[in-house]
Every structure is written in structure tokens, then in C-alpha cells.
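Open the model in a viewer and keep the sequence panel visible. The stops below give a selection and then what is found there.

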Amino acid sequence: MKHLLTLIAFVFGISAFAQTGTIKGRVFDKINNESLPFANVVIEGTTIGTTTDLDGNYVLNVEPGLYNITASFVGYKNITEYEIQVSLSKPAVIDFALDAGNQTLAEVEVSAQDRFQRKEESPVSVSTLGINEIQRNPGGNQDISLVIQSLPGVASTPNFRNDIIIRGGAPNENSFFLDGIEIPSINHFSTQGSSGGPVGLLNVNFIREVDLYTSAFPVEKANSLSSVLDIKLKDGRSDKIGGIFQVGASEVGLTLEGPLSEKTTFLLSARRSYLQFLFTLFELPFLPTYNDFQYKVKYKINDKNQLTLIGLGAIDNFKLNLDANETETQQFQLAFLPVNEQWNYSVGAKWTHFGEKSYTNVILSRFMLNNTAFKFEDNDESKTKLLDYQSQEIENKLRVENFYRKDIWKITSGFGFEQTKYITSELDLRVAPGAEPRNYNTDLTLYQYFAFGNVNRSFFDERLNATLGLRMDGNTFNANTANPLNQISPKLALAWNITPELSWNNSISIYYQLPPNTALGFRDSAGTLVNQDLTYISTQHYVSGVAYYLPWSAKISLEGFYKIYNNYPFLLERGITLANLGSDFGVIGNEPATSSSAGRAYGLEFLYQQKLYKGWFGTFAYTLVKSEFEDNQGDLVPSSWDNQHIITVTGGKKFGKNWELGVQYQFLGGAPFTPTDVETSSLVSVYDVNRRGLPDWSRLNQKRFSNFNRVNMRIDKKWFFENWALNVYLDVQNLLGQSVDGEPLLVLNRNADGTPKIENPFAPANEQRYSTRFLENGNGTRIPSVGIIIQF
């Protein structure tokens, strides 16, 4: 054994020898794609640097590790790329797309503000994460929806779902883009009518950078109420075939990349979970299995034309483990959970043409979701079928956008056209008393159209930056939505650079978003389109804040925000707004509704963000938020997302010999929830169909969960070899086993023979009630994940 350990230490110690990896790339003009020769490229904190050649290319040779790299050129704004991972197995390709500015030769020195890439059209409410910040995020499990919960304004859900809740808005208020191509679904087992789910389907090995806009959205991507998640993908390597093999606690995956020709590269991945085996081992009553696939092809036709193809797909199956039927919790879950099968895909193509002073994107995309679910009484197919749901959503989209620059003027313009098809067959007997059981078929086709423009320029030697944008949307759903003048979205943003380190930033904007297809296409049993008067939901954003940039690659910001909602769908049977739903599995919005609800969300955000500096990195984010929507009396009451206080502290250290430690603390104020209507739910006729308690909507959100604290931790150790690299990590969510509140479960008291007790057996059948009690629904599970990543 001693000799074996000595041999292992020798083999892994090879990486300690002074071998060098490569950083290479190109520096070019962002607008016209022309190379910038003799640009400076330097590694922060070292004397290592170089200049680009006549084609704008550069090469740096350094030892394996993490580096911050800055590119600068006279007349252009400097850019710093953080935490570039250098290994021996593949070159780190970092391209710099520089934007024109007023820098003179004496100003090429990097300022504190230059170290953070600012969005001139969106000076407020934007956060950027690089790939290493995503991959090493403690508790994030390399899931982008979990990782962004470390940013200000973003609330998590303690039930370990990855719903994105931004500034008190519902999970259905967000939109997602990959390389500028809209992707409606980024989660496995997604909630139809919303955007959340338990597991993300994006492979982070594809990601280069992520921008989260929580206001001041780019006009070309503004089809949202609360946030835009703009994900930029890397290109495949151009030198040879390589890849990443990864095994984690719940899945195994393979990513391949390389050249298809001299001008074409590809990325391709496939992942499969093995949660069903773990859940069987732990005797859980449900067995989820998910698979996903992703690709990107980049064809550089010539210096002025590029073609990008992307694809993303998922196959999800949710079965019941009928053998796990011993405890009350198991029996409760088996009684109401349906069997669910779901698949979806998104494909898109983007052609980019560079002109002398502009570039144009022509984007085509298609999305399709297929969602089925069924439930039999007592899970016995010979008994009554309580649920039979089959649904398809298809979206075909075209968007044309042009980005023009002339001196200090920057102009964005474009238009788009979309076709949406919604086909559903639903039978659902699990409804509250007084509500009509669902039994309908719908086939709805809609056409949407929009146009947008944006003008940006600077004044007073770039001390003041101003942006004015406008967008109009229309849809053929009804006469009101068809008129784009009813959906005019203006945007005004101003940024005043008080000093080179301090800026005051402001934005006023209005946004519109259609209700979900599940609401638009809902019909009654006679086939009548019930919600034909629904219209766009609108929200007004008011944001103001200051940002201060520190010389050690750090940023401090404080922002105040106020959002006003109008025309939110009000669900008539429940007497609540749709804005209170979306963080559970299944389908939302498929019920009678009117566009009559209003709400508001407001608060403050503080952020300290430390990029990698002398081995340290971290963020501190605090959000004070109040979220309220109208109840059935028209009074503003706390919404389901009214967490009030959100704190996330993430920090870490890069040690010698390629060790990294990251720790995250999360505090989430207790969210409101609606107590159970025991009187109605305990009726035999009601409980036999629903098999769980129904909310008492007359007491909407009158209770709160306890505050939630969670500590996550991640440890990474990396080895670099000549042709491959190894990363072994331990990631633990909820390290201290903090208990997570869930809504109490309404279960039946039973007789000695196991049959349910009836409180009033001699009452008429429609008045008989079960004897019930509440079962605590807390969960304090630690979730450790040990993973191995092999790069070759």
C-alpha cells in the first residue's frame, strides 16, 4: 500500500513541474468585426503581456491556473476578462470585442470602472457572472438558475426548486436567451405556464458569460416583466477534438467540441440522470429520470458573415414508486402525485452580417413542449381516471436586429414576428367545490409582431450617458391585443459619472408580457374560449442607484426599485391573482380569468462584488423587498414572493496547488402562504378526489413560513496533465441541515383496520367528513454531491 500511494503521488505530482498552458484569442472591433493590430493584452498582477499581430491575434504562455486578462487599444474601451482557467490539455481562447470610446494614448491605463463591463443601454440592474463563478458556486451544483440566486434581487425557494423570483415578481415573468436566441424553457420537469422546475437543463460547459437584467432590459429582448437572462455561449475549440466527461451525484454527462472544418466548430453534449436509482434506494415514492442534449455550431463564412446554430432538448419522466408506501408521508404523496412525461426542444439559427459601421442579426428559432400527465384513483387503472392531460406548445420566431454606431451615437433597431400554437386536451376532476371539472379540447393559433428602437449617446466627455428606447408589441388574440399602440414600451436611462470611480444611474421603463398560453387557450366543457378578453400584463419600472468601483477589482452598488403591475390575470374560481402561483409542479393558468388584477413590488438592493483578486473572490448581496397584489376585495396583500429580507454571502479562496474553497450563506425571509380550508377539504366527496387539503383562498397568504438559513460549501482540487485535466469536487447544499418549512399536510385519521375515520357517518353522503389532522412537512436534508470532471 505504501508503494501504491507513493506511485499515485508521483503521477499526480507531475503537474507540479513548470509546464505552461496557452491563452490565445483575437482583439477586434465589436461593431464591424475588424481586427485591431498592436492592441495590448496583459495579465493582471504580473509582468506578462503581449501585443496583437496584424490580424488582431495574440498568444500568451503561462503556468496552469486562474488569471485576469485585460485588453486595451487607443480609441476603445478597455475590457477585463476574469478568472480565465488555463490548463495543459487545451488552450484558453479569449476573444475581446472592444467598443469604441474616447481613450487617448495616456488613458489606456485600466481604471477601476473599466474592470467591470458596463452596459451603456442598461446602466442599472445588471449583474454579470463568468464561467468560473458559475462552476464553483457553492450549492449551485452547476445549475445556472441556482447560481444567480447569489445576486441581488433574486430570491430562492427553500423547497430546493430553482424558480427564478426577481424583485418580488412571479416565476413566469422571466425570459431566457442563448447567444441572442430566445429559449422559453431552461428546466427539466418545468411548470407549464411558468418557468421553474427542480433541475436546470443547460450544460454550463457551454457557457462563457451570463448577464442578468432585472430592469432596463435591452429593447430587442424586452418580452418580460421581471428579468432577462442573457447567456453567452463559447465557441468550440478549433485545433482538435476534445471534451469533458463529468460524473456528479445525480447525473453523468459527456461534452465534445472541436473543428468540423477550417471555418466551422462545434459543441455537443448529452447528460442522463440516475436519480431514479438513488430515490429507489432511499425509498422515496417518486422516481424522476431526465435526459438532455445540447449543441452549438459556429460557421465563420468570412470576416463579415457568421452563422450560429444552437439546439437544446430534454426528455423527462416522472413515475411513482408504489413499493414505497409505508409511512404517512409516502402514502400522502402517492395518493395525489400524477405520472408525468414531458419533452421539449429549442432550435435556432442566427446569421450575423458585419458592415462598416453596424452589424445585423437575423434570428430564426422554434420551440416545442409536449406535456402529458395522468392520475387514477388509488393509482389503480381499473378505477376512476381523475386526470388525463395532454398538451403541446409550439413557437416559431423571427427577429431582425441592427446595431449601428456613428461616432458617439449608437442606434439599435429591428422587428420580429412569431407564431404560437397551443393544443391541449384536459380531463381533470380534481377541482374545488363549485368549480366546473375540466373537460375540454383546445387548438389555438396566435401571431405576434413587434418593432423596437433604441438610441444611445454620451455627453460632456462621456460624463453623462443617455439612452432612449421604444418598443411596440401586438398579438392576434383579440382586438385589444392586436393594436400595438396599446402596448407601447418606452425606456429612458441616464448614467452620470460623477468621478471615474463613482456613477449615479437611473432608469424608467414600461414592459408588456402576454399571459401564458394555458390561460389564453382555456375552454369550458362546451368548447367556448373562456378567457377571450385577456390582454397583456404591464409593469412600470422605476430604478435609481449609485455604483462605486474599487481599484482591487471590486464594485459596491446601492439601488432602489419600484414596480407597478396592471392587467394581471385574476383567477375567478379561486379569487386570487395568477401572480401568486408558479412555484409548484404541474400546470398553472388553465382556468377562468380576467385581466383585472394589480400589484406592486418595491425595495432596496445592496451589492458588494469582489472579482478574483490575489486569490480571493466573493459577493455580499442584501435585498429589502415588499411584494403585494390585490385580493378578491381589491386590497393589496402580501404576495407569495414577499420574502422581505434576502441575504446571500458568497466567498472563497484559491489556494496553492490548485485547491479552492467556497462557502455561501443564504438567508430568506419567510414567504407567505395560504392556510388549508379544513372544513371543505375534509368532505368525503372532496378529499376522495383531491387527496390533499385545498387552500382557503378567503385567507390568502395570511400565514408565513419561518425564516430560512442555509449554508452551502464547495471544495475543488484540480490536477493538470499534458493532455488532460482532472477536477474533483465536493459540493454540499444545506451543510448545517437547517429545517425547511413546507405547508402542513392534511392527512386522514384511520381505524384499526386502516380504513379512514368518518366524523359523521350518519350524515347525508354529501355532508360526511373524514377525521383529519395535520402532518408536519419540514425537511432538513443535507444534500452532498461528489463530482469528477475530466477534461481532455
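## First stop: a hairpin turn

Select Phe460, which takes a positive phi near 55° in the hairpin of E27 and E28, where four residues lie between the strands. The model is a predicted one.

Extend the selection to both strands of the hairpin. Strand E27 covers residues 438-459 and runs antiparallel to E28, with twelve bridges joining the two. To find the register, pick Ser458: its bridge partner in E28 is Asn465.

Now select residues 464-475, which are strand E28. Is this strand largely enclosed or not? Nine of its twelve residues are buried, so the rest of the structure largely encloses E28.

Add residues 488-497, strand E29, which is antiparallel to E28 and joined to it by nine bridges. Here the residue to pick is Ala466, which stands opposite Leu494 in E29.

## Second stop: a nonpolar surface patch

Keep Leu494 selected and add Leu468, Leu492, Ile508, Tyr542 and Tyr562; together these residues make a nonpolar surface patch of about 510 Å². Show the surface for this selection, then return to sticks and centre on Tyr542. Tyr542 belongs to strand E31, residues 537-550. Its relative accessible area is 34%, so Tyr542 counts as partly exposed.

## Third stop: the hairpin of E37 and E38

Select residues 645-654 and 659-668. These are strands E37 and E38, an antiparallel pair with nine bridges. For the register, pick Gly652, whose bridge partner in E38 is Gly662. Which residue in the turn has a positive phi? It is Lys657, at about 60°, in a hairpin with four residues between E37 and E38.

Next add residues 708-720, strand E41, which pairs with E38 in the antiparallel sense over ten bridges. Within this pairing, Tyr665 has Val711 of E41 as its bridge partner.

## Fourth stop: an open sheet

Move to the sheet that holds E9, E16, E17, E12 and E13. Its five strands follow one another in the order E9-E16-E17-E12-E13, the sheet is open, and the pairing is mixed. Which strands are at the edges? They are strand E9, residues 126-130, and strand E13, residues 181-182, each of which pairs on one side only.

At the E13 end, select residues 174-178, strand E12, which runs antiparallel to E13 with two bridges between them. Leu178 is the residue to pick, since its position opposite Ile181 in E13 shows the register. Leu178 stands opposite Ile181.

At the other edge, go to Ser125, in the loop between strand E8, residues 96-98, and E9. Ser125 has a phi near 60°, a positive value in a residue other than glycine. Is Ser125 buried or exposed? With a relative accessible area of 5%, Ser125 is buried.

## Fifth stop: another positive phi

Select Phe38, in the loop between strand E1, residues 21-29, and strand E2, residues 40-43. Phe38 is not a glycine, and its phi is positive, near 65°. Phe38 has 55% relative accessibility and therefore counts as exposed.

## Sixth stop: two buried polar side chains

Select Thr80, in strand E6, residues 79-86. Thr80 has a relative accessible area of 3% and is buried. Show side chains and add Thr70: a polar contact of 2.8 Å joins the side chains of Thr80 and Thr70.

Then select Ser269, in strand E20, residues 264-273. Ser269 has 3% relative accessibility, so it counts as buried. Which residues does Ser269 touch, leaving out those up to four places away in sequence? The contacts are Asn203, Phe206, Leu254, Thr255, Asp292, Phe293 and Gln294. From this group, keep Asn203 in view, because the next item concerns its side chain: a polar contact of 3.1 Å links it to the side chain of Ser269.

For the last selection, take the C-alpha atoms of Ser269 and Asn205. They are separated by 8.9 Å, while the two residues are 64 residues apart along the chain.

How values were computed
Residues numbered from 1 in each chain as written. Predicted model: local features only at pLDDT ≥ 70, side-chain atom pairs only at ≥ 80, totals over all residues. Heavy atoms only, no water. Pairing = 2+ DSSP bridges. Buried < 20%, exposed > 50% of the residue type's maximum accessible area, 1.4 Å probe, protein only. Contact = heavy atoms within 4.5 Å. Polar contact = N/O pair within 3.5 Å; in protein donor to acceptor, adjacent residues only side chain to side chain. Patch = residues over 30% accessible without salt bridge, like charges linked within 9 Å, V, L, I, M, F, W, Y side chains within 5 Å. Areas by Shrake-Rupley, 256 points an atom, 1.4 Å probe, with all protein chains shown as cover. Salt bridge = Lys/Arg side-chain N within 4 Å of Asp/Glu carboxyl O.
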